[in-house]
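Got the model open in your viewer? Here is a short tour, one selection at a time.

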Amino acid sequence: MNREELAKYLLDKFPDTLELLETGKAEPFFLMKKPDEIVEFCRAIRDDVELRMDFLCQMCGVDTGENFEVVYSVASVKKRYRFDFKFPLPYEGAEIESVQTVWPGANWFERETWELYGINVKNHGNLTRFLLPDDWDQGFPMRKDWDAPDFKRMPEV
Amino acid sequence: MGIIKKVPVFLDKVPGGGIITTSLDTIFNYSQASSLWYLLFGTACCAIELMATGASRYDFDRLGMIFRASPRQSDLIIAAGTITKKMGPRLRLLYDQMAEPRYVIAMGGCTCGGGPFYYDSYAVEKGIDHIVPVDVYIPGCPPRPESLLEGCLNLQKKVKTQKIKDWS
Amino acid sequence: MAELKTEEFVVNMGPHHPSTHGVCRFVLTMDGEVIVKVEPVIGYLHRALEKICENRTYAQCIPVLDRFEYCTSMSCNQVFALATEKLAGIEVPERAEYIRVIMLELNRIASHLIWLGTTSLDLGALTPFLYAFREREDIMDLFEMTCGQRLTYNYIRVGGVAKDIPKEFIPKAKQFLSTFDSKVDDYEKVLTENPIFMTRNQNIGVMSPELAIAYGVSGPNLRASGVKFDLRRDDPYSIYDRFKFNIPTGQNGDCYDRYRVRMQEMRESAKIVRQAIEQLPEGEISAKFNPIVFKAPAGELYSRIENSRGEMGVYLQSRDKEKKPLRVKLRGSSYNHLQAMPHLLKGHKIADVVAVMASLDIIMPDVDR
Amino acid sequence: MEITGIFEYLYELLIGTGLPQVWVDIIAYAFAAVVVFGFLCIVALFLVWLERKASAHFQQRLGPMRTGWHGWRQTVHDAIKLLRKEDITPYAVDRNVFYWAPIICFVAAFMAYLVIPFGDGLIVSDLNIGILFILGITTFTIISLLMAGWGSNNKYALLGGMRSAAQVVSYEVPMVVSILAVIVFVGSLSMVDIVQSQAKIYQWYVFRMPFGPIAFITYIIAATAETNRTPFDIPEAEQELVAGFNVEYSGMKFAMFFLAEFVNMFTVSAIGATLFLGGWQGPWLPSWMWFMGKTLFLVCILMWFRWTYPRLRVDHLMEFSWKFLIPVAFVNLILAGFMKYSGWFNW
């Protein structure tokens, strides 16, 4: 399957869950419409015989200025496919479900998302600080509105 | 070190005693300068250049500098690489564990003053002189091995100006 | 006699430790010399590169990203340039692509040489370290004459490369490549068949292909487990589909296999550089690109390349009419390797911690960013 | 030139002063001890320098160059620096144990030289149990390492101390058994007797087929382990245990460990030269030169090992000793006994 066929296959397979976003230049990028079913969806794409998306490239949070987004980039080692999907989250009470049961490697990515963005991860098991100092008390630094006394922005040239 | 502190003071009063203290100064300083054992303390990019300086082409050993893994046995920290806020207390701990006399070389822009991470970074310590006293600053990102060697020679010059009277 | 009471004890390895390759810390729970539990503690080199990139223009991001994974700065430049080019639809001239491949592969060799040196150092063999760095210096000379830097190059830019290679480059590179294979033979003579080296590495830190894929392990570590997966062949970027090279794999996924795979990879990289030098065309070295006024169109993508440690990727999200990216997420392969490491260490000895860590080729900037 | 002549002259001079015989002996021994001590300090410093230069040239570097001709003063400067360095006693250590460990290590390393013949007649005391004395004394080193590991109250140091205890206990056995093979042949424990039994070059025990070479190789391997050098340097494995048992030591105490390590290296080489390479025996040159030459040859072999091989892991090390080296050494001992009994090669 090439990129277009992969996108078509995925849209046919999960018509209610996925919506193709127009990026065009690279691998298919989807908007996932049912964040509550993330674990089921991930398991479905991993176990699908045609897809076998067994490799989580990365997973991260994004602060767009209006809301949060969570992006997953998945790939298949056996079938050589790759695509990404994301879903938006509100600022208030942002929470996602852990996908460690599908890809154990998601552990640290989720921990990082929690630590830097403050997006809570359900069923994670070990949600503790690890990138920032242990006594960090200045909030979630990757948010766009974050600021601190010794934080200097680069002046515009 | 009570007696050692008093001896030079006493010798200064004796006629000709100054000769003894100055020649002791020379011997000790020369020895200290030609045997600066450095602690293996590399955190980031500069550590690779530190390794390259220890390797065949540049060869730290020519200056009598060898690495020690334990801070108790080393005379010099070459702080090679970015010191983050999480790492800062550890650097101070290592410095405190070292035996006097001890020296610090700040290698690279990050340790001199934040370097490329001065702006927009919430995690980087902006210069290690907030944490430990620094003897020699070596700018560069990362500095070439030649400039590191130059920094070490400058430190040797500094070591050679010490006085026995100032020992703590 | 009453049962002797024993208890486990906790050893804190790092963050300052001679063989944690940077500033990683392991909390080891030990039963005598045997490891019961390993917990990596990271973040001692977290420099907030992602936050910095959000406040830089696209052209300014590249020198910052040099410091992410400094052993292979060229690939950091390449992965970001590639993502931006895809996003903005910039075509890279032919010659620039070839120069990029030459630089990337030379950098891969340099990075593997650092790995070889530190690995042998960690296993107590002090001399191969010096030999590996001797050859690395030759590569550093080549880089230096091209871009004036030894470690952080800022050479591969969006749209091409910074400047053309100098005239002396090709003869010097050819000279280096002509002797390089025999130098690799020398390293192998010291280590590969050495019985001490073999017992230290064989059946240590065995990683099954299932575990590797589940934890997102990539690159030579994945291939050592027997999975023939290389992004240069399986998801070709740049012009890698034009070169002939083998993809070495292992069978057992132990430290020794990872060592063998990396040694083979150095030879394969040298092969690619030779082909690229043969085919190097004349022409432009950069597409039209003005770094000051450049604005990427709205969009988002994840682009990945194969660097010396595995899959290096960058997720880029941009807003229309913005000079700066909205979000840059860096994906370093060591991040996943370090996650998988505790599973490789159960029941091993404390000496194997350094052996496994060295063979996985984990460096901390890749993990902490 | 005969060095022994000088000593005899001084001894005569001392007797001529009319002191009681007891005092003459005490002064003579004290003088000999000072001479040996001074000599060994110089040797240790020289060996450190030699090691650094040898390693540098193995690695295509130059090594120390700035202090005198090819840096020959380098180790002297290191020693002066360490002398002047602050001597830290960490808060949590066991003070007595911490304090005495380097001293015991240092003294034990030097005691062995009481019975080593540096040349024809150049020996402090020709004990009739010479080799047994050396084996007993050198074992003290291990106690000191264990003390250092325990007293430092540091986990790395403790692991290092425990490892070295296990290692030396394991390697003491093949070492003693391989030495025993020689002793069976000589029929005496005295070092002088051992040397005198190898007057001709074909009588050197290393050339006595077939048991000699086996005993020699076993001895060299065990000796490398005894002195904690690569590939058996696990007690102070830099990459695993930071610096092993001496991780908390600074200044002069560390220098004592450091010097003792090199003196020990010289000791095992000297024993090897005495037992297997004919000691001071050799044509033309003065006897002490032969002894030094042979010893330095063995020292160079140990250095060559160090800069070539990776390090063994602790369990492989034990396996190697108990499953391979000790059986070989014992079979070799039986072989030696059989040969002695049957009279083959009994030159």
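**A walk through the chains**

Start by selecting chains A and D: these two do not touch, and 24 Å lies between their nearest C-alpha atoms. Keep in mind throughout that this is a predicted model.

Now show every chain and look at the places where they meet. Five pairs of chains touch, and the pair with the most contacts is A and C. Next, pick out chains B and D, where 19 residues of chain B are in contact with 30 residues of chain D. Colour the chain B side of that interface by class and you will find six nonpolar, eight polar and five charged residues.

Zoom in on chain A and switch to a cartoon view. Here is an open sheet of five strands, with mixed pairing and the order E1-E2-E5-E4-E3. Which strands stand at the edges? They are E1 (18-21) and E3 (55-63) of chain A; each has a single partner strand, so one side of each lacks a neighbour in the sheet. Going from one strand to the next, the twist averages 25°.

Stay with E3(A) and add strand E4 of chain A, residues 68-75: the two pair in the antiparallel sense over eight bridges. For a spot to centre on, select Gln58(A), which stands opposite Ser73(A) in E4(A). Then bring in helix H1 of chain A, residues 3-13, which packs on the sheet. H1(A) touches E1, E2 (29-32) and E5 (82-89) of chain A, and its direction makes about 150° with that of E1(A).

Move over to chain B and give its two domains separate colours: domain 1 covers 1-33 and domain 2 covers 36-161. Taken over C-alpha atoms, the centres of domain 1 and domain 2 of chain B are 30 Å apart. Their contact takes four residues from domain 1 and five residues from domain 2. On the domain 1 side of chain B, the residues touching domain 2 are two nonpolar, two polar and no charged.

Finish in chain C with helices H11 (residues 255-279) and H13 (residues 350-360), which pack with their axes 9 Å apart at an angle of about 30°. An angle under 35 degrees counts as roughly parallel, and H11(C) and H13(C) are therefore roughly parallel to each other. Their crossing is left-handed. Show side chains for Cys255(C), Arg258(C) and Tyr259(C) in H11(C), which meet Ala355(C), Val356(C) and Ser359(C) in H13(C). By class, this contact has four nonpolar, one polar and one charged residues.

Conventions:
Residues are numbered from 1 along each chain as its sequence is written. Chains are lettered from A and ligands numbered from 1 in the order in which they are written. This is a predicted model: local features need pLDDT of at least 70, side-chain atom pairs count only at pLDDT 80 or more; totals for chains, interfaces and linings use all residues. Two residues are in contact if their C-beta atoms, placed from the backbone, lie within 7 Å. Ala, Val, Leu, Ile, Met, Phe, Trp, Tyr, Cys and Pro count as nonpolar, Asp, Glu, Lys and Arg as charged, and the others, Gly among them, as polar. Two strands pair if DSSP finds at least two bridges between them. Helices (H or I, at least four residues) and strands (E, at least two) are DSSP runs, numbered from the N terminus. Axes are lines fitted to C-alpha atoms, for helices over the stretch in contact, and angles run from 0 to 180 degrees between N-to-C directions. Domain bounds come from an automatic or database domain assignment. Angles under 35 degrees count as roughly parallel, over 145 as roughly antiparallel, 65 to 115 as roughly perpendicular and the rest as oblique. A crossing is left-handed if the near helix is turned anticlockwise from the far one by less than a right angle, and right-handed if clockwise.
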